[in-house]
Amino acid sequence: MVQAKMLPSNVYVLGHEYIVEAMSERLFKEREAYGDCCNEQKKIRIYCGVAGSVIRDTLLHEILHASWHLLYLSNEGEEKIVSRLATSLVGFFDDPRNAKAKSMILGKES
């Protein structure tokens, strides 16, 4: 899992620290998921045996699950909404035509 080094060791979601770990291939096959989020343990696991773009999308996806939980939102439609938002946001930030907007959003305007 060469790309595990891409992962941050932790992320902060609405001020709550979540530990980020690489998901084992065994668990990936068992769960049939690229990642998971355990809100009780404040832990996010990401499978890293895929392309970097999938890893990034999955990390954002799991952060959105953590946000959903911390905002006490209804579970109805959670997976569908989180999946679409993660892919949409990664696409937005990756599109070079959005460089100025991205800089503004991230507070990096000159």
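Ser67 touches Val13 and Leu14 when residues up to four places away in sequence are set aside, contact meaning heavy atoms within 4.5 Å. Ser67 lies in helix α2 and is buried, with a relative accessible area of 17%; buried stands for under 20% relative accessible area, exposed for over 50% and partly exposed for values in between, with a 1.4 Å probe and protein chains only. The model is a predicted one, in which local features need pLDDT of at least 70 and side-chain atom pairs count only at pLDDT 80 or more, while totals for chains, interfaces and linings use all residues. Residues are numbered from 1 along each chain as its sequence is written, and side-chain values use heavy atoms, with hydrogens and water left out.

Helix α2 covers residues 52-70; helices (H or I, at least four residues) and strands (E, at least two) are DSSP runs, numbered from the N terminus. Its 19 residues reach 27 Å from the first C-alpha to the last, close to the 27 Å expected at 1.5 Å a residue, the expected span being 1.5 Å times one less than the number of residues. Helix α2 lies across β1, β2, β3 and β4 (43-47) and runs at about 155° to β4. For such angles, axes are lines fitted to C-alpha atoms, for helices over the stretch in contact, and values run from 0 to 180 degrees between N-to-C directions. After α2 comes Tyr72, a residue of the loop between α2 and α3 (78-94). Tyr72 has a positive phi near 55° although it is not glycine, and it counts as exposed at 76% relative accessibility.

The sheet beneath this description is worth following strand by strand. It is open, has four strands in the order β1-β2-β4-β3, and its pairing is mixed; two strands pair if DSSP finds at least two bridges between them. Strands β1 (10-13) and β3 (35-38) stand at the edges with a single partner strand each, so one side of each is left without a neighbour in the sheet. From one strand to the next, the twist averages 25°.

Pairing between β1 and β2 (residues 16-23) is antiparallel, over four bridges. Asn10 stands opposite Ile19 of β2, and Val11 has Tyr18 as its bridge partner. Two residues separate the strands of this hairpin, where Leu14 takes a positive phi near 50°. Leu14 is also one of the residues touched by Ser67, which links the hairpin to helix α2.

Strands β2 and β4 pair in the parallel sense, over five bridges. Here Glu21 stands opposite Arg45, and Met23 has Tyr47 as its bridge partner. On the other side, β4 pairs with β3 in the antiparallel sense over four bridges, with Cys37 opposite Ile44. The hairpin of β3 and β4 has four residues between its strands, and Lys42 in the turn shows a positive phi of about 55°. A further positive phi, near 55°, belongs to Glu32, which is placed in the loop between α1 and β3 and counts as exposed at 72% relative accessibility.

Next comes the interior. The largest nonpolar core has 18 residues, and Tyr18, Val20, Ile44 and Ile46 have the most contacts inside it. A nonpolar core is a set of buried Ala, Val, Leu, Ile, Met, Phe, Trp, Tyr and Cys residues joined through side-chain atoms within 4.5 Å. Elements giving two or more residues to this core are β1, β2, α1 (25-31), β4 and α2, and the largest share, four residues, comes from α2. Apart from neighbours within four places in sequence, the contacts of Ile46 include Val20, Met23 and Tyr34, as well as Ile55, Thr58, Leu59 and Glu62.Aromatic residues complete the picture. The structure holds three aromatic pairs, where rings of Phe, Tyr and Trp (its six-membered ring) pair if their centres lie within 6.5 Å, and planes under 30 degrees apart count as stacked, over 60 as edge-to-face and the rest as tilted. The rings of Phe92 and Phe93 have centres 5.1 Å apart and planes at 80°, so this pair is edge-to-face. Phe92 is partly exposed, with a relative accessible area of 25%, and Phe93 is likewise partly exposed, at 26%. Phe28, Tyr34 and Tyr47 form one aromatic cluster; Tyr47 is also the bridge partner of Met23, and Tyr34 is among the contacts of Ile46.
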